[in-house]
Amino acid sequence: MKKALYILSFLLSGNFFLAQKNKIAFYGGIEWQPAIRQYQPALHINARNYVSDRVSLGGTLSFTHENHSGDFGYLANRTRSNHTVLNFLVQNDMINSDKFFFSTYFSAGGYFLSLINPDDKTTETSYSEVDGIWLESQNEVPRNLNRDLFFNVQGGVDFSLKLGSFRKEDVAIYLTTRAGYQFVFGNGDIANGSQFTKPVVSVGVTVKGNK
């Protein structure tokens, strides 16, 4: 699974950074992401760089969490699972007019699942450089109990309707709905990938324009 992620990373990131077109697009919205017990609202963002008039490459990020009264076998009164999807994205604008565009997309990458105990805190130390001086800061964060990593593949459609434009119409804003199906492969200590192999839907806003 890790080898497949490395290959996808090399192929897609290479095309992304060598792209010659000057169009980019950003999407942000709310996604209904399957979690351990039920669907949860997730923050979903993606960024794409156009390599042709219709085809764009980029990446997607989704994050949500789910609270649990069970302990999953750990010494905890309650637990919380964090769900993060980080994928490489290929999108094809099959219909691309001034008023709307209809696209198909395919993405692949990792599904990261972590289980934490929100009642048990641990101290994490981080360092940052300011004007050549290294500063140390400490933060209290929930203790991590376990982590699972799965392979994630998604395919679906994107329908975007233009709301308006600004900067002399160089940048357009669209109301976007994305609907697809995700396949999650692998077995973990906390859950199995098949639990998250379900449809995914999101709604949000796309900003599209020149670099």
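Valine 203 sits in strand β8; strands here are DSSP runs of E with at least two residues, numbered from the N terminus. Its relative accessibility is 35%, so valine 203 counts as partly exposed. The classes are buried (under 20% relative accessible area), exposed (over 50%) and partly exposed (in between), with a 1.4 Å probe and protein chains only.

The model is predicted: local features need pLDDT of at least 70, side-chain atom pairs count only at pLDDT 80 or more, and totals for chains, interfaces and linings use all residues. Residues are numbered from 1 along each chain as its sequence is written, and side-chain values use heavy atoms, with hydrogens and water left out.

**Nonpolar patch**

Val203 belongs to a nonpolar surface patch of about 780 Å². The other members are Ile30, Trp32, Tyr39, Phe159, Leu161, Leu163, Leu175 and Val201. Patch residues have over 30% relative accessible area and no salt bridge; nonpolar side chains (Val, Leu, Ile, Met, Phe, Trp, Tyr) are joined within 5 Å, like charges within 9 Å. Areas come from the Shrake-Rupley method with a 1.4 Å probe, and for residues only the protein chains shown count as cover. Strands β1 (23-34), β6 (133-166) and β8 (199-210) each supply at least two patch residues. The largest share, 3 residues, comes from β6.

**Salt bridges**

Side chains of opposite charge can pair when their charged atoms come close. The whole structure holds 6 salt bridges. The criterion is a side-chain nitrogen of Lys or Arg within 4 Å of a carboxyl oxygen of Asp or Glu. Three of these pairs are tabulated.

| Acidic residue | Basic residue | N to O distance |
|---|---|---|
| Aspartate 93 | Lysine 208 | 3.6 Å |
| Aspartate 120 | Arginine 143 | 2.8 Å |
| Aspartate 158 | Arginine 178 | 2.7 Å |

Strand β8 returns in one pair: lysine 208 bridges to aspartate 93. Lysine 208 lies in β8 and aspartate 93 in β4 (residues 79-96), so the pair ties together parts 115 residues apart in sequence. Lysine 208 is buried, at 10% relative accessible area. Aspartate 93 is buried too, at 0%.

Aspartate 120 pairs with arginine 143. The first residue is in β5 (residues 100-130) and the second in β6, so this bridge links parts 23 residues apart in sequence. Aspartate 120 is partly exposed at 28% relative accessibility. Arginine 143 is partly exposed at 35%.

Strand β6 also carries aspartate 158, whose partner arginine 178 lies in β7 (residues 171-185), so the pair joins parts 20 residues apart in sequence. Aspartate 158 and arginine 178 are both buried.

Terms used. Helix = DSSP H or I, 4+ residues; strand = E, 2+ residues; numbered from the N terminus.
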